[in-house]
Amino acid sequence: MCSQALQHPVVTRFAPSPTGRMHAGNIFSYLYAWLFTKRHGGKVLLRIEDLDNTRSRASYADQIKQDFEMLGLYWDGEVLIQSQRNEAYTKAFETLKQLGLTYPCFCTRADIHAASAPHAGEQLVYPGTCALLTPSQQSARLQELGQEGRSPSVRIKIGSETIGFHDLLQGEQSYSCKDECGDFVIRRSDGGYAYQLAVVVDDAEQDVNLVVRGADLLASTPMQIYLQQLLGLGQPSYAHVPLICTQDGRRIAKRDHDASLDELLSQYKTIEGVLGHIAYITGLIESDQAMSAQDLLKSAHLSAVEGVRKIPWR
C-alpha cells in the first residue's frame with residue numbers, strides 16, 4: 001500500500017454490524033486494517049454499527065468482540081456504539097437541513113427499483129423523483145402518509161460535481177455525483193439515521209484518518225466525502241481491500257455459512273490455521289500455513305492486493 005497520502009499517527013477502525021457471525025470476507029478486511037495500522041504504529045478503534053434495529057443484536061455484538069480477541073485483533077480504547085449516538089447524528093442532520101439541501105422522499109422500495117438504474121454493483125441511483133415535488137404536493141403526501149401511520153425518508157440533494165480521491169489500494173477514483181451517486185438517504189422512513197451520515201459523523205468524532213474496508217463500499221466513498229465537505233469535517237484516507245467471493249463471483253456474506261468463523265475453525269482447526277489460509281489465498285503469504293496475527297504482522301506482503309477487486313475463496 002502506498003503510504004505517501006497517509007496522515008500520522010494512523011487511526012483506523014473496525015466497524016462491524018452485529019447482525020451475525022464474522023465470515024472470511026470481513027475477517028480479511030479487519031486483518032488487513034489491523035496489520036497495516038500496527039505496522040505504522042497506529043491505533044485501531046472499535047465501533048459497533050448497530051443502526052439496523054431490525055437485525056442488530058446485543059448478543060452478536062458480544063460475540064464479535066470475543067471473535068476479535070480470539071483472532072488476536074485487539075482494538076485500542078473505548079468501544080463506540082452507534083445506537084447511543086442519536087444526538088450527534090441529529091445535530092449533523094439539522095446542519096444539512098439548514099443548508100436547504102434536504103427533502104422528504106415518499107418512494108417505496110418498489111418505486112425506487114422500478115425507476116432507478118443500478119450502478120456500481122448493488123447500488124441503485126435514485127432519479128430524484130421526489131425532489132421535483134412542490135411544497136403543496138409535499139404537504140399532501142405527508143398528510144397521506146400520516147393517515148397510514150408512516151413517515152417519509154429524507155434525502156440530500158447532490159449536484160453535478162465530480163468527486164475524485166486517491167484510494168490507497170485501488171488507485172485514482174472519480175465519480176459523477178449526479179450520475180453515479182444520486183440524491184441519497186440520510187434519514188430512513190423509520191426515523192433512524194442512514195449509514196452514510198452516521199459513518200461520517202463517527203469517523204470525525206473518533207479522529208479516524210484511514211478507512212480500510214471492502215471494495216463493495218468503494219461507491220459509498222464519494223457520498224461520504226460530499227457530506228464531509230458540507231459539514232466541514234476532515235477527509236480520511238481510504239483503502240478498499242478486495243472482496244473474497246464465491247467461485248461464481250458473488251461476494252461472500254453472512255448467509256454463506258460455509259465461510260463463517262465457526263465453519264472455518266471446523267475446517268482449519270485453529271485460529272492460526274484460519275488466519276494463515278485467508279492470508280494465503282489473498283496473497284499476503286506465499287504458502288498455506290498456520291500463522292497468528294502477530295506472525296503476519298512481521299511477514300505479510302501487504303502490497304500483494306493493490307489493484308485487486310475480487311479474490312475467489314478456495
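These notebook entries record what I looked up in a predicted model.

**Entry 1: helix α1**

I began with helix α1, which covers residues 24-39 and has 16 residues. I noted a reach of 22 Å from its first C-alpha to its last, close to the 22 Å expected at 1.5 Å a residue. I then checked how covered the helix is, and found 14 of its 16 residues buried. After α1 I came to Gly41, whose phi is positive, near 70 degrees.

**Entry 2: backbone details**

I looked for a cis peptide bond and noted one between His8 and Pro9, with omega about -5 degrees. Pro9 belongs to the segment before β1 (11-14).

I next recorded positive phi values in residues other than glycine. Asp207 has phi near 55 degrees and sits in the loop between α7 (195-205) and β11 (210-214). Its relative accessibility is 56%, so I entered Asp207 as exposed. Lys269 has phi near 75 degrees and sits in the loop between α9 (261-268) and α10 (271-281). Lys269 is likewise entered as exposed, because its relative accessible area is 64%.

**Entry 3: aromatic rings**

I found nine aromatic pairs in the structure. Among them, Phe28 and Tyr32 make an edge-to-face pair, with 6.2 Å centre to centre and 70 degrees between the planes. Both residues are in helix α1, four residues apart, about one turn of the helix. I recalled that an α-helix has 3.6 residues a turn, so residues three or four places apart point the same way. Phe28 counts as buried, at 0% relative accessibility, and Tyr32 is buried with a relative accessible area of 0%.

I then turned to Phe165 and Tyr175: their ring centres are 6.3 Å apart and their planes are at 5 degrees, so the pair is stacked. Phe165 is in strand β8 (residues 162-167) and Tyr175 in strand β9 (residues 171-176), so this pair ties together parts ten residues apart in sequence. I listed Phe165 as buried at 5% relative accessibility and Tyr175 as buried with a relative accessible area of 8%.

I also noted a cluster in which ring pairs link Phe14, Tyr30, Phe68 and Trp75. Separately, Arg155 lies over the face of Tyr126, at 3.7 Å from the ring centre.

**Entry 4: salt bridges**

My count of salt bridges came to eleven. One of them joins Asp262 and Arg21, with the closest N and O atoms 2.5 Å apart. This pair links distant parts of the chain, 241 residues apart: Asp262 is in helix α9 and Arg21 in the loop between β1 and α1. I entered Asp262 as partly exposed, at 43% relative accessibility, and Arg21 as partly exposed, at 22%.

Returning to helix α1, I found a salt bridge from Lys38 to Asp76, the closest N and O atoms being 2.9 Å apart. Asp76 is in the loop between α2 (58-71) and β3 (80-81) while Lys38 is in α1, so the bridge ties together parts 38 residues apart in sequence. Lys38 is partly exposed at 25% relative accessibility, and Asp76 is partly exposed at 23%.

I recorded a further salt bridge between the side chains of Asp216 and Arg251, at 3.6 Å from N to O. Asp216 is in the loop between β11 and α8 (221-231) and Arg251 in the loop between β13 (243-245) and α9, so parts 35 residues apart in sequence are tied together. Asp216 is partly exposed, with a relative accessible area of 36%, and Arg251 is partly exposed at 28% relative accessibility.

I closed with a network of salt bridges that links Arg13, Arg47, Glu49 and Asp203.

Notes
Residues are numbered from 1 along each chain as its sequence is written. This is a predicted model: local features need pLDDT of at least 70, side-chain atom pairs count only at pLDDT 80 or more; totals for chains, interfaces and linings use all residues. Side-chain values use heavy atoms; hydrogens and water are left out. Helices (H or I, at least four residues) and strands (E, at least two) are DSSP runs, numbered from the N terminus. The expected span of a helix is 1.5 Å times one less than its number of residues. Buried means under 20% relative accessible area, exposed over 50%, partly exposed in between (1.4 Å probe, protein chains only). Rings of Phe, Tyr and Trp (its six-membered ring) pair if their centres lie within 6.5 Å; planes under 30 degrees apart count as stacked, over 60 as edge-to-face and the rest as tilted. A charge sits over a ring if NZ of Lys or CZ of Arg is within 6 Å of the ring centre and within 35 degrees of the ring normal. A salt bridge is a side-chain nitrogen of Lys or Arg within 4 Å of a carboxyl oxygen of Asp or Glu.
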